[in-house]
Structure formats: structure tokens, C-alpha cells
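Here is a short briefing on strand pairing. Keep the structure open while reading.

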Amino acid sequence: MEKRWLGLQNFQGAEVSGRKAYCVSETREKIHTAPGTLRSVVPGYYQENNPSLITLGSPGLLGAPSVPHLASTLQPTRRCPHGRRRRRQRGTSVPWPLGHEFRPRFSPCLSWARVTCIFLLPFVWSGFAPRVNQKEDLISGETESQLHQYRFNWSHLTPLELKNRTVGLQMQSTAESTPYFTLEGHKFLIFGGSIHYFRVPREYWRDRLLKLKACGFNTVTTYVPWNLHEPQRGTFDFSGNLDLEAFVLMAAETGLWVILRPGPYICSEIDLGGLPSWLLQDPELRLRTTHNGFVEAVDKYFDHLIARVVPLQYRKGGPIIAVQVENEYGSFNKDEEYMPYLQKALLKRGIVEMLLTSDGEKEVLRGRIEGALATININSFRKDAFMSLYDVQRNKPIMVMEYWVGWYDTWGSEHMVKDAKDVEKAVYEFIKFEISFNVYMFHGGTNFGFMNGATHFDMHKGVVTSYDYDAVLTEAGDYTEKYFKLRKLLGSVLAIPLPHLPELTPKAVYPSVRPSLYLPLWDALQYLHEPIVSGKPVNMECLPIHNGSGQSYGFILYETSICSGGLLHANAHDTAQVFLNEESMGILHGRNQNVNIPEVRGCQLLRILVENQGRVNYSWKIQLQQKGLTGSVTINNIPLEGFTIYSLEMKMSFFERLRSATWRPVPNSHLGPAFYLGTLKAGSEPKDTFLKLPNWKYGFVFINGRNLGRYWYIGPQETLYLPGAWLHPEDNEIILFERSKSGSYIQTTDKPKLEH
């Protein structure tokens, strides 16, 4: 039953003439108020723009019935000189909600105030008539709601305050109101923002969550990346920056609810959409279907993951109020049994909170399943975007699971931005039409290491290292114009003042670093693990390493001996440098998979260095993301044989071994792949900074063994974010793996540059 106000009640000893009043809900909760400052103990609203105007009845969530009254007309019962009293008959003037017997008695005697009110009543009533259904208004476009009239009070609906829990997030619908969410029986709108724990240094999780709360949001959403949590088949990692449970509990501590998006596929512009690369070993296995090989792997992963999630659910005392089933399956749609299978997989492992699906507006009908609320992903507010949802979920609340406040960047493309005013306007409309929403991204963070995904429309393009996304907070967690606009907007509709803004994370500029030592890649091979010897090339995923799980990321080097030149052909994914001994012969990339090899004397060493620049994270092409060399390598159509294969994953343990290598002084210029070593002096209190790499071409930066990610002169990204939390006081080891040509200095700046 929808919670509604009974109106102003004349409690014993109280005045209701406009100077002091009580307001009571159906639960008989009572608050003191003055005209124009009506605030509810349970979720409710008041109007602050007109001290004489008090809204009675239940406004619901911005569209259910509301009845304004002039406070001066609400007087205690009076007896007129004729000794007679009359009761206002139900339905003749004020539609008192839910049939409660509140019938103020008025004298038949006329005063100038009553005459004025009677005269003005048609005008007042026409502007404040109850709206039957805001959802229908959304489709028809007939609403003119103003947000400043309302206040939400969810101060007691937070993980720390709500101790007695029974029903969790639910959906309700009545004939008189728009369908709405309830949390523990109280009306609730989800103001969500996405933060991916795996893209943010653990030391900064609390800062980002507090900034989400201070902006007026009540919920954080996050994906769960299977590929990072199970990097090798049967080996799970939930430590450090991947400690999902710690992140969820920290969200609860900061007063935020959690919507969990555990996949197994998540898209998220991450390598293979979050699926582990070892799934690609079996050419018969079909990703995102009920193929035995795939669902068996999912089941084993869910056995481990969901056991961690279950105690964090709302009804177990945790902050998780909803769980999403897979992600955007409507755009893939290869197996009608797949989504129900995942739904059952979650339920039988103990998920009891609300289940959701998430799809683009055009695919939402293909991605929805019975028993889960369908939500949509959009980049702007358009009323026609909700038509499909309305057709199939007329009696369920609308939720935008992803409202894209920006977009990601790919190498060689323009930096993507969205105007803050457009974001503000869209969120305004969501609230006006009582649409729950999730801002994607509130804080994007960074694609540290090799985790970035890729697109492949006309050609393969890797996602850049920064996942700034033009989000509400910057990549480094700083405030933006979008943040302040949304904070002002959300603050204007919340009854409780927003928390104070957390302090900015300090930034610093450090002395430039000129690498003093270098190590050519060929000299570093001895510090790698034992190479693989194979008659034919083997792609990354099928290398017999890591207990049969293969190689996921980084580089892979193929060596073989050739005794003649000619036209070399190979299928390299994604890009490969071809060397004869140590001399560069050319590049294999995209549609160009041929290189001319000059005639050689005797037999020479052919080397092919292949890089995985990110597996496609969207579309059916995820099935074809094997990296390295796939198929034969030929010269003049004659297959080459006898390969030695090195795996260059560049993990921290590798750099620890490199410390014992014999490094050389850096020459004025060096061509070819090499490691460059320098020292970054960060002082006694390290702070965040951004690295600039002028004159360097392409490669990766490692700070104290941590992989900050890729740099590339083609842009648009020109700086790399370096968290101060990852720096040691004073001296810090900085190593560049430069693929092509050495630069000079490594500089720092206190401001990012994400576009040319």
C-alpha cells in the first residue's frame, strides 16, 4: 500500500492556524513543522517557495496525487452564531486519502477569507489537480512538474541506519500513482553512480565513495571482472585492488547502497568484456551461450564469487540491494536459454535481492527475462526511449541502468566529451518523471596495466589507458562542472543537507627524470621464464604455461631461423614488429600482414614481436580474439617451422629479476624495443601527479613494478595518471618499455592532458 499523508491533524494542545502544526503519516509518525518547511520523517516532500501553501496527500515520487491547501483556511472547529456545525463531505472538496475520517468542521458563516478562497478555488485546483500516473505522462509528454516543489527524505534509509530488514528493494504500483520502488516498505528512488573498484587504487576507494555521497547519490554500482578475478583456470584473486568484499563494505560504511553487476560478461571497455582469455583455447566453445564448456566455467566461477556476495546482500545485513543478470545480452542474443540459465545460477546460489537486466533501448526486449526487472542504457533523455519498457513493464518502475555522461576514448581518435548542461538536464528529467537512474560513469578511473578492451568496427582500435570517460569525477578523482551541477540539482530535491565536500587529492610536480640506463629487449630475454619450443606458432591463449591457462596480456616473441628472404606473411593480432636479428624489417598490423625480407647470407634469426593491444569487448567478435600469431608464418608461401616462443607478460616478478641484469648507459638515441631505467624523486610526502613523455613513441610505464598503462604519441591521451599512493617517499624506480625509439626526459605535471 502506498504511504500517504493524512493531512494536518489537530492534536491536543496544538495550533493549526499556520503558526504550528503536526503532520502524521499512516504509520502515525509525527513531526513538528512550520508552514513552508514541512519535512517528513518518512520519505516525503514539502514546498519551500510558498509559505502559505502546504501539500497534503501523497505526492509519491513526483507525480502521484497531491492536494495543495491554503494554510489559512485550515482552522480548528468553530461554532457559528447560529449554533450549527457542518462537516465537509468526502469528495466534495478535498479528496482525503485512503478513506481516513479527517473531516474538519467549518462554520456556515462567511468571512472575507472564505469568500476569497471560494473565489480562487477553481484557479488553485486547476494548477494542482492530482496526476493519475506519471509514467503515462512520460509516454504522452503531458507533465510540467517542477523539482523545487519537492524534497526526498531518505536519511533513515541508509545501510548504517536501517537495522531491521525484511523485504529489501521491491516494486509497487497502484491505480493512483506511478509504479515505484520501495526499500523496506518506504518509497525510494535510486540515485546511482558507477565506480569500478578495479580501476581505482584501493587507497582512494573511500575518497571516491565519499564524493559520490556528497554529490547526493544514494547508490554505487560496480561491475565484477571475471578475467581479473580468475586469471588462471581455478585460481582466484580477491586481494588488494580486487578485494570486492572490502569495497562493498566500505560503500555501506559511507552510507551507500550497492547494485552489483557480476557478469559473467560485463563489456565495460575491458579486455574481452571481462571474460577470461583462457576460454578462447577451445575453438568449439561458444562464449555467452549454454555451450557446456562455457557454462561449466561460469558455474565454477559463480561457486566462488557468489559465496562471497551472499553475505553482503540487503537481507543479510549488507548493502547490496540488487544484482544484474549478465549485461546487454539483447545486443548479442545468440541463445534464448542463456539468460534464464544465469538467472537460475544466481538464485540457487543464494541471491535473494532484486534481479535486473540491462540493455540498450533498441535491444531491451531481446535481453529481458521473466522474473527480472528490465532496465535500459541511454546517452540522453528522450521520452520515446522508454516506449518498449512501457509496453512490457507498464506496472513496474522505470530505471536507467546506464546514463552515459561521457564516453571512452580509443587510440588515434578524438577525445570524447559531453556538455555538463546536457547531463544536468537529463538528470533533471529523470527525477521529474520519477525514473531511477545510474550515472555511468560517476568516476571512471584508469585502465591500469593491460586491462583495456578494444573496438573493431572498420579496424581494431584499443581503448586508451585513461578511463576518465568525461565522468562526474575526473580520472584522478577531482571535481568537475558536472559534479557541481549535479550536486546542486540533487541537493535541491533532498530534505537533508548534503555532506561537506571531501578535500581535493593534492597534486605535485616532480623534477624531470632522464633515464640513465637501458636494456635492449634481446638482453632481457634471459630473465623471462623458460621459452616454449614448438614446431609451429602458438597463439597466446594456447601457450602451455600457467597450469594450462596460457597467456592473457602483454607481448609474445616468436623466433625461428630462416635461410632465404622473400615475402613474409603472418596473421598477427594485434600488431607485430618483424626483425632480422636486431634490425627492424617492418610492421604487421590490421590488413597489412606482409613484410619483405631481404636475401640473407647463411641462416639468420627471424624475430616477430606481437602485442595484444586489447581484446574486443563488445559484439560477436569476442569469439575471435586469440592474440599473437594465429596460423602459419610463410615466406614465399612456404611455412616456417621450429619456433622458440617467449611470453612477455611483464609482471612485477619479472622486474624484480631485471634488477640483477647488466644495464647499459643510455645512448643519445636507440632504435628498437628496450627498457629504460630512471629514478623519480617524490619527496617525503608523495602526491598524485601525471607523467608526460615528450619524444617517446610507444610503450608502457612501470613505477616500482606497477604497470601504469600504455602511452602512444598518436593520442588523444598525452599524460598518464600516477597515483601518489603508489609512490614511495623519496626515490622511486621508473622503467619505460619503449617499443620503437628512445626519448629524452620523463616529465610530470599537476594537470592531465587527455587530448591533443
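One open sheet has 3 strands in the order S8-S9-S10, and its pairing is antiparallel. The model is predicted. Another open sheet of 3 strands follows the order S39-S36-S41, again with antiparallel pairing. Strands of a sheet pair through backbone hydrogen bonds, in either a parallel or an antiparallel way.

**Sheet S8-S9-S10**

- Strand S8 (169-174) and strand S10 (186-188) are the edge strands. Each of them pairs on one side only.
- Neighbouring strands in this sheet are turned by 50° against each other on average, with direction ignored.
- Strand S9 covers residues 177-183. S8 and S9 run antiparallel and are joined by 5 bridges.
- Which residue in S9 is the bridge partner of Met-171? The partner is Phe-181.

**Sheet S39-S36-S41**

- The edges here are strand S39 (719-722) and strand S41 (747-749). Both pair on one side only.
- From one strand to the next, the twist averages 35°.
- Strand S36 spans residues 689-692. S36 pairs with S41 in the antiparallel sense, over 3 bridges.
- Leu-691 has its bridge partner in S41. That partner is Thr-748.

**Pairs to locate in the viewer**

- For the pairing of S8 with S9, find Met-171 and its partner Phe-181.
- For the S41 partner of Leu-691, find Thr-748.

Note on methods:
Residues numbered from 1 in each chain as written. Predicted model: local features only at pLDDT ≥ 70, side-chain atom pairs only at ≥ 80, totals over all residues. Heavy atoms only, no water. Pairing = 2+ DSSP bridges. Helix = DSSP H or I, 4+ residues; strand = E, 2+ residues; numbered from the N terminus. Axes fitted to C-alpha atoms, helices over the stretch in contact; angles between N-to-C directions.
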